Amino acid sequence: MSTQKAKVETEEQAETEEKPSAERRLEKKRAKAKERAEKVKADEKADFEENAVQIKVFRYDPEVAAKQEPRFDDFHVPYEKGMTVLDAVIYARDHYDSSLTFRHSCRQAVCGSDAFFINGRQQLACKTQLGDLEEPVRIEPLPHQDVVKDLVVDMDHFYDQMHAVEPYFQSEDTPDSSELEEQRQTRENREKIKMSSRCIWCAACMSSCNIAAGDNDYLGPAAINKAYKFAMDDREEEELKQHRLNILEQEHGVWRCQTQFSCTEVCPKDIPLTEHIQELKREAVKNNLKFW
Ligand code: SF4
Ligand code: FES
């Protein structure tokens, strides 16, 4: 056998002997990776168990026989710093029960669609930090409103009251559209009505109001605040102001308010609702004063 041939044969032999050891190394690697993955999973599970927050969510569905009896469902959601109540409810829906129903949209306290009764107080779920609440966190639909399903309430009555005060600008003193002129108001007037224009129609105030709960026709704090915005706008004529005060002075208008401040306390936009109602009461009195 030539030396060259012997060398080739030795190399081939070495290769076949190495193969099983390479496989062994691969197997070892795979086992280690599996072990690591299992450890990560176990750590995550331990983290979850340690950091999970218990939420109790109101459930009711008139269309499903088994769910017609109102009840609370418990969910455990993993907590992360900065998590809001809305995040928790979304987690519960996405991971545990896709039939859990609630409204939300902007997730930044702008659309007003996710006002719930959280731990006994009307609050926007997207604005309320889970970490600030006592456990278990109780999440219910807004009180004093008909429940459509789970956390969704019927807002029709609230919207009717809002529209009853004609919440739109009606001045006839508008510039000719061809002039492309802005209809300006004074800075002072802007400051005066600024807060009232922040309303996002969430209905938290209406739901917190004892008077509204007992008198279905009461216009309610949100609608009165909306009327305030226009009645106090100096771009509308005096005649229109009178018209608005007439709406507000009616039997179920401003005089129903008993100055309990509950609306002001829950308003997520910090609108001084009770103050606005009191001011309108004073305007209504002035409106009716007659001097002989
Ligand atoms: S006044 Fe405040 S609480 Fe009432 S509907 Fe508007 S934003 Fe919501
Ligand atoms: S989701 Fe829009 S106000 Fe909360």
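Arginine 93 sits in between buried and exposed: its relative accessible area is 25%, so it counts as partly exposed. Its side chain meets that of aspartate 94 in a salt bridge, with 3.0 Å from N to O. That pair belongs to a predicted model, and the structure holds 17 salt bridges.

Another of these bridges pairs arginine 235 with aspartate 233, and here the closest N and O atoms are 2.8 Å apart. The two partners fall into separate classes of accessibility. Arginine 235 is partly exposed, since its relative accessible area is 22% and the cut-off for buried is under 20%. Aspartate 233, with a relative accessible area of 5%, is buried.

Then there is the bridge between aspartate 150 and arginine 59, whose closest N and O atoms lie 3.2 Å apart. This one ties together distant parts of the chain, the two residues being 91 residues apart. Arginine 59 belongs to strand 1 (residues 52-59), while aspartate 150 is in the loop between strand 6 (147-149) and strand 7 (152-153). Both arginine 59 and aspartate 150 are buried. They don't act as an isolated couple either: Arg59, Arg71, Asp73, Asp97 and Asp150 are linked in a network of salt bridges.

Zooming out to the whole protein chain, there are 10 helices and 7 strands. The radius of gyration is 32 Å, well over the 19 Å that the globule rule gives for 292 residues, so the chain is more spread out than a compact globule. Along the principal axes, the C-alpha atoms fill a box of roughly 140 × 55 × 35 Å. As for burial, 40% of the 292 residues are buried.

Ligand 1 has 13 residues around it, and those that come nearest are Cys199, Cys202, Ala203, Cys205 and Cys267. The make-up of this shell is simple to state: 13 nonpolar residues, no polar ones and no charged ones. Alanine 203 deserves a second look. Its place is the loop between helix 4 (187-194) and helix 5 (204-208), and its relative accessibility is 1%, so it counts as buried. Alanine 203 also has a positive phi, about 75 degrees, even though it is not a glycine.

Arginine 107 is another non-glycine residue with a positive phi, in this case about 60 degrees. It is found in the loop between helix 2 (85-95) and strand 3 (115-118). With a relative accessible area of 43%, arginine 107 is partly exposed. Phenylalanine 102 is placed in the loop between helix 2 and strand 3 too, but its relative accessibility is 10%, so it counts as buried. Phenylalanine 102 and lysine 229 are 127 residues apart along the chain, and 30 Å separates their C-alpha atoms.

The backbone has a further feature in the peptide bond from glutamate 135 to proline 136, which is cis, with omega near -10 degrees. Proline 136 lies in the loop between strand 4 (121-124) and strand 5 (137-140).

On the surface, Trp255, Val285 and Leu289 come together as a nonpolar patch, and their accessible area together is about 290 Å². Leucine 289 is located in the segment after helix 10 (273-288). Its relative accessibility is 47%, so leucine 289 counts as partly exposed, given that exposed means over 50%.

Asparagine 246, in helix 8 (residues 238-249), is partly exposed as well, with a relative accessible area of 47%. From asparagine 246 to methionine 195 the separation is 51 residues in sequence and 23 Å in space, taken C-alpha to C-alpha.

Notes:
Residues are numbered from 1 along each chain as its sequence is written. Chains are lettered from A and ligands numbered from 1 in the order in which they are written. This is a predicted model: local features need pLDDT of at least 70, side-chain atom pairs count only at pLDDT 80 or more; totals for chains, interfaces and linings use all residues. Side-chain values use heavy atoms; hydrogens and water are left out. Patches are made of residues with over 30% relative accessible area and no salt bridge: like charges are joined within 9 Å, nonpolar side chains (Val, Leu, Ile, Met, Phe, Trp, Tyr) within 5 Å. Accessible areas come from the Shrake-Rupley method with a 1.4 Å probe; for residues, only the protein chains shown count as cover. A salt bridge is a side-chain nitrogen of Lys or Arg within 4 Å of a carboxyl oxygen of Asp or Glu. Helices (H or I, at least four residues) and strands (E, at least two) are DSSP runs, numbered from the N terminus. Buried means under 20% relative accessible area, exposed over 50%, partly exposed in between (1.4 Å probe, protein chains only). A residue is near a molecule or strand if one of its heavy atoms lies within 4 Å of it. Ala, Val, Leu, Ile, Met, Phe, Trp, Tyr, Cys and Pro count as nonpolar, Asp, Glu, Lys and Arg as charged, and the others, Gly among them, as polar. The radius of gyration is taken over C-alpha atoms; the globule rule is 2.2 Å times the number of residues to the power 0.38.
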